[in-house]
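Please keep the sequence and the model side by side while reading, since the paragraphs below move from one helix to its packing partner and then to some loop residues.

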Amino acid sequence: MSKMDELCRNTIVWRVLLSLEENRALTFDELARRVKGSRSSTHRALQKLLEYGLIKIDKEEEFPFRVFIELTPVGVEVRRRAADIEKMLVTKRVVEETGKH
């Protein structure tokens, strides 16, 4: 299975990728709330995205020891393309449901 196949089949990975924003790091807690996933499933998704080089993770060395997640340049491009695919799928579903082109 290709990396893209693996990413597409894992909905939490997809949701995490689409929840990240360009030029803005999110804390782990903020991201977990956005994707409405458990902490463990969000952590696993982040590990996959990190493995593929789509995100970078920075940890504060002082209290409150937050973890920040940010897209890499490659991650930004993959996220843009994923967002385009999501828009196409939504449009296709609307057309099918309404019968309008």
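Helices (H or I, at least four residues) and strands (E, at least two) are taken here as DSSP runs, numbered from the N terminus. The model is a predicted one, in which local features need pLDDT of at least 70 and side-chain atom pairs count only at pLDDT 80 or more, while totals for chains, interfaces and linings use all residues. Residues are numbered from 1 along each chain as its sequence is written, and side-chain values use heavy atoms, with hydrogens and water left out.

A starting point is serine 19, which lies in helix H2, residues 11–19. With a relative accessibility of 14%, serine 19 counts as buried, where buried means under 20% relative accessible area, exposed over 50%, and partly exposed in between, for a 1.4 Å probe and protein chains only. A polar atom of the serine 19 side chain lies 2.8 Å from the backbone oxygen of arginine 15. If neighbours within four places in sequence are left aside, serine 19 is in contact (heavy atoms within 4.5 Å) with Leu26, Leu31, Arg34 and Val35.

Serine 19 shares its burial with Ile12, Val13, Trp14, Val16, Leu17 and Leu18 of H2. Because 7 of the 9 residues of H2 are buried, this helix is largely enclosed by the rest of the structure.

Two packed helices are described by the angle between their axes and the distance between the axes. For H2 and helix H4 (residues 39–51), the angle is about 75° and the axes are 9 Å apart; axes are lines fitted to C-alpha atoms, for helices over the stretch in contact, and angles run from 0 to 180 degrees between N-to-C directions. H2 is therefore roughly perpendicular to H4, a description that covers 65 to 115 degrees, whereas angles under 35 degrees count as roughly parallel, over 145 as roughly antiparallel and the rest as oblique. On the H2 side the contact is made by Ile12, Val13, Val16 and Leu17, and on the H4 side by Ser41, Thr42, Ala45, Leu46, Lys48 and Leu49.

The loops hold some backbone features to look for. Most residues other than glycine have a negative phi, and most peptide bonds are trans. Lysine 36, in the loop between helix H3 (28–35) and H4, has a positive phi of about 55° although it is not a glycine, and at 73% relative accessibility lysine 36 counts as exposed. In the loop between strand E2 (55–59) and strand E3 (67–71) lies proline 64, and the peptide bond leading to proline 64 from phenylalanine 63 is cis, with omega near 20°. Phenylalanine 65, found in the loop between E2 and E3, has a positive phi of about 55° although it is not a glycine.

Note on methods
Polar contact = N/O pair within 3.5 Å; in protein donor to acceptor, adjacent residues only side chain to side chain.
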